[in-house]
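Please find below my notes on the model you sent. They go from the whole chain down to single residues.

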Amino acid sequence: MSEPVRVVLASHNAHKLIELRRVLGAQLDGIELVSYDGPEPRETGLSFEANALLKARAAAEHTGLPALADDSGISVDALGGSPGIFSARWSGPAKDANENLELLLWQLSDVAHPHRTAQFVAAAALVVPASASSTGEEQAEAVLGVWPGRILEQRSGDHGFGYDPIFQPEGADGSAADLTDAEKDASSHRRRAFDALAPKLRAALGL
């Protein structure tokens, strides 16, 4: 039996590695998804896809392994798509999740329910460095996953993180923070993005 192909997840967040292993499940057959402790690049891209590719490329160059990365945030229609790529630092450079959430609620305080539509957006990226590529050239892919819904008037739920307590997914009774891990995994933006990327990953690795 051949050894699994090692692929690095370009994140220092151990919980994200666990989540991605859970989300991809059987799609990781023949793949060993490993953690990353190398340098992280500045996220200077102007789109989720660009930032995800920046992170994947940095990890691939540092390790010599194929690399996966993601970049995600929340996009509110009434704010012209903001916070978008600035979701993590919407209230300032401290990246305080609670302050980000409270600022967004305040900004939408006078917006009526029908106009509070929003989407969680995730870009999933794959970079196979030239040294690990069957073509001898770098391979790079990025795809988007979108989870539509709306912003609630107040927090709900004790699970999740970030903007989850104020985001109501389309068709749900409560917020994303009211969902179990399994329920969120089944339909989240990250799930949709990596589901779309998984066949490209397996094809790039010859699996």
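**Notes on the model**

1. Surface. The model is predicted, and every value here should be read with that in mind. The protein chain exposes about 10400 Å². Carbon and sulfur atoms supply 51% of that area.

2. Burial. Of the 207 residues in the protein chain, 44% are buried. Buried here stands for a relative accessible area under 20%.

3. Overall dimensions. The C-alpha trace spans about 55 × 30 × 25 Å along its principal axes. The radius of gyration of the protein chain is 18 Å. A compact globule with 207 residues would have a value near 17 Å, so the chain agrees with that expectation.

4. Secondary structure. There are five helices and six strands in the protein chain. Read from the N terminus, the order is β-α-β-α-β-α-β-β-β-α-α. The run thus opens with a strand and closes with two helices.

5. Contacts along the sequence. Take the contacts in the protein chain with a separation of 6 or more: 64% of them join residues 24 or more positions apart.

6. Charge. The protein chain carries 18 positive and 29 negative side chains. How far apart do the centres of the two sets lie? The distance is 2 Å.

7. Asp185. This residue belongs to helix H4, which covers residues 181–187. Is Asp185 buried or exposed? Its relative accessible area is 7%, so Asp185 counts as buried, the cut-off being under 20%. An acidic side chain in such a position invites a look at its partners. The side chain of Asp185 makes a polar contact with the side chain of Arg22, at 2.4 Å. Leaving aside residues up to four places away in sequence, Asp185 touches Glu19, Arg22, Val23 and Arg191. Arg22 therefore appears both as a polar partner and among the residues touched, where contact means heavy atoms within 4.5 Å.

8. The loop between E3 and H3. Strand E3 covers 67–76 and helix H3 covers 97–107, and Pro83 is found in the loop between them. Which form does the peptide bond from Ser82 to Pro83 take? The bond is cis, with omega near 0°. Lys95 is found in the loop between E3 and H3 as well. Phi of Lys95 is near 55°, a positive value in a residue other than glycine. When checking the backbone of this loop, please look at both places: the cis bond before Pro83 and the positive phi of Lys95.

How values were computed: Residues numbered from 1 in each chain as written. Predicted model: local features only at pLDDT ≥ 70, side-chain atom pairs only at ≥ 80, totals over all residues. Heavy atoms only, no water. Helix = DSSP H or I, 4+ residues; strand = E, 2+ residues; numbered from the N terminus. Rg over C-alpha atoms; globule rule 2.2 N^0.38 Å. Buried < 20%, exposed > 50% of the residue type's maximum accessible area, 1.4 Å probe, protein only. Areas by Shrake-Rupley, 256 points an atom, 1.4 Å probe, with all protein chains shown as cover. Lys, Arg positive; Asp, Glu negative; His and termini not counted. Charge placed at Lys NZ, Arg CZ, Asp CG, Glu CD. Polar contact = N/O pair within 3.5 Å; in protein donor to acceptor, adjacent residues only side chain to side chain.
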